[in-house]
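Reader: I am new to this structure and would like a close look at a single part of it. Please choose one strand, describe it with care, and then add what you can about other places.

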Amino acid sequence: MRILKGVGASRGIAIGRIFFFDNANHRVQRRTVTDTEEQLARFESARREAVRMLALLEKKALGQVGPEESAIFGIHQMLIEDCDYTERVTSLIRTEGYTAEYAVQVAGEQLEELFKGLDDPYMQARGADMEDVTVRIVRTLTGESDCALPDSAHPAVVAARDLLPSETIRLGHTGTLAYLTSGGSGISHSAILARTMEIPAVVGLGEQIADVREQELAIVDGFTGTVVLSPDDTTLAEYTKKQAEYRARRERLKLYKGTPNRTADGITIQVDANLGHTADLGAALENDADGVGLLRTEFLFREETGYADEQTQFAAYRAVAEGMDGGRVVVRTFDPDPGKMGEMLGLPKEENPALGCRGIRFLLRRTDLLYPQLRALLRASAYGNLAVLLPMVSSVAQVRQVKEMLAACRRELAGKQIPFSDKLEVGVLIETPAAALLSGQLAREADFFSIGTNDLIQYTLAVGRQDNSLRELYDPSHPAVLHLVEMAAAAAAENGIWCGICGEAAADPGMTETFLALGVTELSVTPQAILEIREKLQSVDLSEARRRVHAAH
């Protein structure tokens with residue numbers, strides 16, 4: 001028996017035989033030609049075919065992992081169509097006389113290294129996306145087929161050097177039991193896809209992967225990042241029991257459907273769903289969400305023009321509002337990620353996108369995007385209980401400016417006799433320390449607070465939320481973070497408005513009691529986490545929790 005240690009990237013326990021996924025890149029040899037026009041034509045043909053295949057893959061992935069995660073293949077299409085990328089390839093063909101496949105390989109490696117050399121972990125992870133794109137076009141040019149997949153009749157634990165997002169999707173379709181990789185990180189797209197497909201994964205095994213043998217029996221513990229090879233009978237029995245207990249727990253959670261989100265001492269807590277797309281509404285309803293605590297709107301801004309028109313937005317917001325049938329739907333205004341969408345929206349490249357032109361600071365510069373979104377939200381408010389959430393707020397002036405714009409939109413719609421609700425609430429997303437420190441003033445302007453712990457933690461602790469090497473420092477229970485949460489919740493209570501949490505920490509049952517004791521009255525989580533949080537809520541004595549937490553302070 002041998003034990004390997006890596007990073008647990010996707011929870012769960014799997015037991016099965018090893019299948020090596022041989023996806024090692026076969027290097028294209030350097031070769032020059034005289035007929036560069038032919039090579040340019042070959043590249044253009046392969047580029048178009050790659051875009052076509054990615055569109056099909058995105059459509060296929062939509063049914064497996066949902067719209068938010070399948071959108072990575074739309075990003076791959078954008079990379080292929082990026083002017084910098086195509087100019088690099090065509091320049092290498094014209095000036096160096098390279099074959100199309102060698103030029104694609106060289107240009108791809110240059111951009112991959114560029115991404116991986118950046119300080120921002122998110123941008124570093126885009127290096128894998130560039131590699132995926134390069135492999136796809138090279139294979140199209142050389143006629144090389146995709147790597148062999150395990151037999152779906154005999155699901156296996158897949159071991160590989162690393163997995164590209166497209167490979168993760170293909171393997172997931174074969175009934176893969178788990179993933180093991182020597183490279184990768186917990187924030188790579190492949191890791192995110194594995195979590196979405198609920199496939200256990202351990203990444204970052206490094207050279208230990210060389211110790212894994214084909215068809216060897218393996219145990220994969222995605223909770224702890226442990227891999228046990230050729231387990232002895234005692235260990236196998238232990239993990240078989242753990243696996244059965246985990247599966248039984250997931251079944252038990254289904255019993256909480258239809259039960260109230262109420263603490264043991266009778267306090268009702270709102271438990272809402274985070275949605276990345278209107279298509280996620282079904283999962284929210286299936287898991288008994290009280291409402292939608294966060295509807296991201298970036299999915300509406302992937303058209304060729306860069307953003308959806310007002311009518312398209314109105315239809316989307318109305319659909320969710322009507323679908324929730326009176327349940328509150330909190331819609332976050334457009335919050336573009338400069339790393340993903342910056343070029344499409346004309347944003348300059350930034351050294352640190354996390355501190356760049358994001359959220360409300362972006363929209364107040366691009367009122368041509370904000371006004372249509374506010375009008376669409378107001379129009380949709382006539383069909384349900386809608387609220388608008390402003391991200392990346394750092395000053396009271398920003399909130400007042402948006403409220404003035406909303407007032408102008410109301411006057412415009414009233415003048416045209418277009419119906420809307422006067423009850424559209426305006427909330428502030430508390431995700432900067434500045435917003436938390438100013439929460440007393442912001443609470444007098446806002447109708448509610450929603451705390452975005454993902455960014456609040458990284459900005460408070462100066463730890464990148466996607467930096468795997470500093471994982472242990474990214475701590476939602478850090479006293480400084482909890483102090484800011486308590487400050488915002490107290491300011492909300494003093495001004496008669498509600499305060500929720502919509503970051504990933506809201507879905508951690510280990511944090512539920514603490515957040516409630518600090519004054520949080522709403523939790524918004526992924527639809528799949530609602531029942532687990534409901535189970536936790538029903539075991540919490542809130543009065544006792546408040547005494548414990550305040551005594552610890």
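Author: What follows begins with one strand, and then turns to some residues, a helix and a cavity. The model is a predicted one, in which local features need pLDDT of at least 70 and side-chain atom pairs count only at pLDDT 80 or more, while totals for chains, interfaces and linings use all residues. Residues are numbered from 1 along each chain as its sequence is written, and side-chain values use heavy atoms, with hydrogens and water left out.

The strand is β12, residues 386-390 (helices, H or I of at least four residues, and strands, E of at least two, are DSSP runs numbered from the N terminus). Of its 5 residues, 5 are buried, where buried means under 20% relative accessible area, exposed over 50%, and partly exposed in between, with a 1.4 Å probe and protein chains only. Leu386, Val388 and Leu390 point one way from β12, whereas Ala387 and Leu389 point the other way, and all of them are buried.

Two strands count as paired if DSSP finds at least two bridges between them. Strand β11, residues 329-332, runs parallel to β12 and is joined to it by 4 bridges, with Val330 having Ala387 as its bridge partner. Strand β13, residues 425-430, also pairs with β12 in the parallel sense, over 4 bridges, and here the partner of Val388 is Val426.

Further along the chain, Gln398 lies in helix α14, residues 396-415, and is buried, with a relative accessible area of 12%. Leaving aside neighbours within four places in sequence, Gln398 is in contact with Ile360, Arg361, Leu364, Met392 and Val393, contact being heavy atoms within 4.5 Å. A polar atom of the side chain of Gln398 lies 3.2 Å from the backbone nitrogen of Ser395.

Arg361 appears again beside Leu355, which touches Arg361 and Tyr459 when residues up to four places away in sequence are not counted. Leu355 sits in the loop between α11 (338-341) and α12 (359-363), and counts as exposed at 56% relative accessibility. Leu355 and Tyr459 are 104 residues apart along the chain, and their C-alpha atoms are separated by 9.1 Å.

In the loop between α10 (310-323) and β11, Asp325 is exposed, with a relative accessible area of 70%. Asp325 is not a glycine, yet has a positive phi of about 50 degrees. Most residues other than glycine have a negative phi. Gln215, also not a glycine, has a positive phi of about 70 degrees; Gln215 belongs to the loop between β6 and β7 (217-221) and is partly exposed, at 48% relative accessibility.

Helix α2, residues 72-81, has 8 of its 10 residues buried, so it is largely enclosed by the rest of the structure. Its buried residues include Phe73, His76 and Gln77.

The last topic is empty space. On a 1 Å grid over the protein atoms alone, a cavity is a set of points where a 1.4 Å probe fits but cannot get out, and lining residues have an atom within 4 Å of a point. Grid points are joined across faces, edges and corners, and a volume is the space filled by probe spheres set on the points. There is 1 cavity of 30 Å³ or more, and the largest cavity has a volume of about 70 Å³. Among its 12 lining residues, the closest to the centre are Leu163, Thr181, Ser190, Ala191 and Val203. Helix α7 gives the most to this lining, with 3 residues.

Definitions and conventions. Polar contact = N/O pair within 3.5 Å; in protein donor to acceptor, adjacent residues only side chain to side chain. 1 Å grid on protein atoms, 1.4 Å probe; cavity = no way out; pocket = protein on both sides within 12 Å on 5 of 7 lines; lining within 4 Å.
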